[in-house]
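Trainee: I would like to go through the labels used for this model and hear what stands behind each one.
Mentor: Go ahead, one label at a time.

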Amino acid sequence: MAGPSEGKPMTEQALTRLAELRREYEVGQRRLQELVAQEVAIRETLLRISGAIQVLEELTGQSPAAEPAAGSPTSAQPEEDKPPVVTQPAPGTVLRVG
């Protein structure tokens with residue numbers, strides 16, 4: 001049975017596959033860099049939102065430490081729906097995805 005590799009020397013096949021893998025690796029590296037940049041941008045956005053929430057809580061007299069009055073809209077809000085506290089990584093910190 002004749003396969004697609006028949007007629008090509010093994011080293012030529014290996015070199016072709018090596019070139020394909022190197023291209024795939026470069027594409028993967030670029031995508032990873034894009035995702036890391038996106039992660040940084042999202043973290044910065046979350047930090048700004050968290051700061052705005054903190055300011056508004058202070059202005060309205062509602063703070064995470066203060067217990068809201070019974071029956072108020074925030075008292076029924078489950079813990080998982082509250083925004084997480086996000087801290088800015090130090091400059092030069094290597095962020096890992098995954």
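Trainee: Why is E20 called partly exposed?
Mentor: Buried means under 20% relative accessible area, exposed means over 50%, and partly exposed lies in between (1.4 Å probe, protein chains only). E20 has 30% relative accessibility, so the label is partly exposed. This is a predicted model, in which local features need pLDDT of at least 70 and side-chain atom pairs count only at pLDDT 80 or more, while totals for chains, interfaces and linings use all residues. Residues are numbered from 1 along each chain as its sequence is written, and side-chain values use heavy atoms, with hydrogens and water left out.

Trainee: What makes R17 and E20 a salt bridge?
Mentor: The rule asks for a side-chain nitrogen of Lys or Arg within 4 Å of a carboxyl oxygen of Asp or Glu. In R17 and E20 the closest N and O atoms are 3.2 Å apart, and R17, at 41% relative accessibility, is therefore partly exposed. The two residues are three apart in helix α1, so about one helical turn separates them.

Trainee: How do you know that E24 also pairs with R17?
Mentor: The closest N and O atoms of E24 and R17 are 3.9 Å apart, and the pair forms a salt bridge.

Trainee: Which other pair meets the rule, and what is the distance for E34?
Mentor: E34 forms a salt bridge with R31, with 3.5 Å between the closest N and O atoms. These two are also three residues apart in α1, so about one helical turn lies between them. Shared partners in salt bridges join R17, E20 and E24 into one network. The count by this rule comes to four salt bridges.

Trainee: What makes α1 a helix, and how do you know that its length is consistent?
Mentor: Helices (H or I, at least four residues) and strands (E, at least two) are DSSP runs, numbered from the N terminus. The protein chain has one helix and zero strands. The expected span is 1.5 Å times one less than the number of residues. For the 51 residues of α1 that gives 75 Å, and the end C-alpha atoms are 73 Å apart, so the two agree. G61 follows α1 and has a positive phi, near 80°.

Trainee: Why is L46 allowed in a nonpolar patch?
Mentor: A patch takes residues with over 30% relative accessible area and no salt bridge; like charges are joined within 9 Å and nonpolar side chains (Val, Leu, Ile, Met, Phe, Trp, Tyr) within 5 Å. L46 has a relative accessible area of 38%, so its exposure passes. Together I42, L46 and I49 make a nonpolar surface patch of about 250 Å².

Conventions
Areas by Shrake-Rupley, 256 points an atom, 1.4 Å probe, with all protein chains shown as cover.
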